[in-house]
Amino acid sequence: MFPPRANSPAPTTASRSGFLGRLRHSISRGANWLGEWLPGGKIDEALLESLEERLIQGDLGVELAAEMVAGLRKRIDRKEVADTTALEAALRAALLEIIQPVAVPLHCDGAHRPFVVMVVGINGSGKTTTLGKLAARLTGEGRRVMLAACDTFRAAAVEQLATWAGRSDLPLVSQGTGADPAAVAHDALASARARDMDVLLVDTAGRLHTQSHLMDELGKVVRVMRKLDPTAPHEVLLVLDASQGQNALRQAEQFRGAVGVTGLALTKLDGTAKGGIVVAIAKRLGIPIRYVGIGEQPEDFGVFDAEAFVDGLLGQRGSTPP
Ligand SMILES: Nc1nc2c(ncn2[C@@H]2O[C@H](COP(=O)(O)OP(=O)(O)O)[C@@H](O)[C@H]2O)c(=O)[nH]1
Ligand SMILES: [Mg+2]
């Protein structure tokens, strides 16, 4: 990562632990995955069955829930796991084994100037909000950030982005409603280069007349940017609304197939009691999870932290919600 230019403060330890605390709290609002287990309790068939049910309810998906419980069962049979305390530890380890490898932060490589992040996803998933939060974060780290309003489909989309640009006092490249998004992207990249920006964040539409029309349009935005920089975009960040459960998984598969997603941002984890979808996405797709959103404000946003996430899912003992 290139060194920050300005002398702006990095997030303090306190604010970071504040975010992780709130992340844990948001996720643990769902049904407790461990049920009413007492530490050191006996493991029997009923307990395993109710665990599997809870995992399914938590949106892990039927297949993955069965697979996890089968894995635990094997360890119980081999006498490696003897009571509920050990079972909890084994479950925690199994979840971490899936999500730790995808907890990979976005690395804005300074070799690319600007580093281009294209934000994609369906309508209402939180693209523009995520882009605004990311802009605020990068600006706070001292990066020079420009925004490109390539959602020209909806009239309010540019205004919404302009509000975020205004908050962080950032340059925004836009054209009128109905303009060609690829033309906006081209202008923005040329301008970001001319102004020596570190990062260009490209907002895109989430709904067009048809899904294939949308994918074609995104493809065209990519091709046009590549005329200026064959390596762009350097990140295709797919924004998924985690409260959409298994639907989010299907969206991820679609976008990955059509535009080649390189990272995920999971939003609305404050609004779902079913964080298990994150584990299912990690297991099925293995795409790096860059950021999570737990609200609408800039501070409701942070890097994906696997341990905090699992603590939230399992209902960390002794944790005090803020
Ligand atoms: N509660 C909550 N709301 C969010 C989050 N991210 C976005 N939103 C809200 O979701 C709605 C759609 O977001 P928007 O960024 O416009 O989605 P877009 O259509 O993908 O650009 C807005 O009302 C946002 O304020 C989040 O992490 N938590
Ligand atoms: Mg939008």
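Analyst: Two strands count as a pair if DSSP finds at least two bridges between them. Keep that in mind as we go through this structure, which is a predicted model.

User: How many bridges join S1 to strand S5?

Analyst: S5 covers residues 235-241 and runs parallel to S1. One of the matched positions is Val-120, whose bridge partner in S5 is Leu-238. The number of bridges joining S1 to S5 is four.

User: What is the order of the strands in the open sheet?

Analyst: The sheet has eight strands, and the pairing is mixed. S3 and S8 stand at the edges with a single partner strand each, so one side of each has no neighbour in the sheet. Reading across, the order is S3-S2-S4-S1-S5-S6-S7-S8.

User: Which helix packs on the sheet at about 170° to the direction of S4?

Analyst: Look for a helix that touches S1, S2, S4, S5, S6, S7 and S8. Its direction makes about 170° with that of S4. That helix is H5.

User: Which residue in S4 does Leu-147 stand opposite?

Analyst: Strand S2 (residues 145-150) pairs with S4 in the parallel sense over six bridges. S1 (residues 115-120) also runs parallel to S4, over five bridges, and Val-117 stands opposite Leu-201 there. From S2, Leu-147 stands opposite that residue too, namely Leu-201.

User: How many of the six residues of S4 are buried?

Analyst: In a regular strand the side chains alternate between the two faces of the sheet. On one side of S4, Val-199, Leu-201 and Asp-203 are buried, and on the other side Leu-200, Val-202 and Thr-204 are buried as well. S4 is largely enclosed by the rest of the structure because the number of its residues that are buried is six.

User: Which residues of S6 point the other way from Gly-263, Ala-265 and Thr-267?

Analyst: Five of the five residues of S6 are buried, so this strand is largely enclosed too. S6 pairs with S5 in the parallel sense over five bridges, and Asp-241 stands opposite Thr-267. Gly-263, Ala-265 and Thr-267 point one way, and pointing the other way are Leu-264 and Leu-266.

User: How wide an arc around the axis of H6 do its buried residues cover?

Analyst: In H6 (residues 155-168), the buried residues are Ala-157, Val-158, Leu-161, Trp-164 and Ala-165. They sit on the same side of the helix because the arc they cover is only 120°.

User: Which residues are exposed on the other side of H6?

Analyst: The buried residues of H6 pack against H5, S2, S3 and S4. H6 lies across S2, S3 and S4, at about 170° to S2. On the other side of H6, the exposed residues are Ala-155, Ala-156, Glu-159, Thr-163 and Gly-166.

User: How many residues surround ligand 1?

Analyst: The closest ones are Gly-126, Lys-127, Thr-128, Thr-129 and Gly-293. Helix H5 (residues 127-140) gives the largest share of the shell, three residues. By class, the shell has two nonpolar, 13 polar and five charged residues, and the number of residues around ligand 1 is 20.

User: Is Asp-196 buried or exposed?

Analyst: Asp-196 is in the loop between H7 and S4, and its phi is positive, about 55°. Exposed residues have 12 or fewer other C-beta atoms within 10 Å. Asp-196 has 9 such neighbours, so it counts as exposed.

User: And Asp-59, is that buried or exposed?

Analyst: Asp-59 lies in the loop between H2 and H3, and it has a positive phi of about 75° without being a glycine. The cut-off for a buried residue is 20 or more other C-beta atoms within 10 Å. Asp-59 has 25, so it is buried.

User: What is omega for the cis peptide bond that joins Arg-113 and Pro-114?

Analyst: Most residues other than glycine have a negative phi, and most peptide bonds are trans. Pro-114 is in the loop between H4 and S1. A cis bond also joins Ala-232 and Pro-233, with omega about -10°, while for Arg-113 and Pro-114 omega is about -5°.

Methods. Residues are numbered from 1 along each chain as its sequence is written. Chains are lettered from A and ligands numbered from 1 in the order in which they are written. This is a predicted model: local features need pLDDT of at least 70, side-chain atom pairs count only at pLDDT 80 or more; totals for chains, interfaces and linings use all residues. A residue is near a molecule or strand if its C-beta atom, placed from the backbone, lies within 6 Å of it. Helices (H or I, at least four residues) and strands (E, at least two) are DSSP runs, numbered from the N terminus. Ala, Val, Leu, Ile, Met, Phe, Trp, Tyr, Cys and Pro count as nonpolar, Asp, Glu, Lys and Arg as charged, and the others, Gly among them, as polar. The arc is that of the directions from the helix axis to the C-beta atoms. Two residues are in contact if their C-beta atoms, placed from the backbone, lie within 7 Å. Axes are lines fitted to C-alpha atoms, for helices over the stretch in contact, and angles run from 0 to 180 degrees between N-to-C directions.
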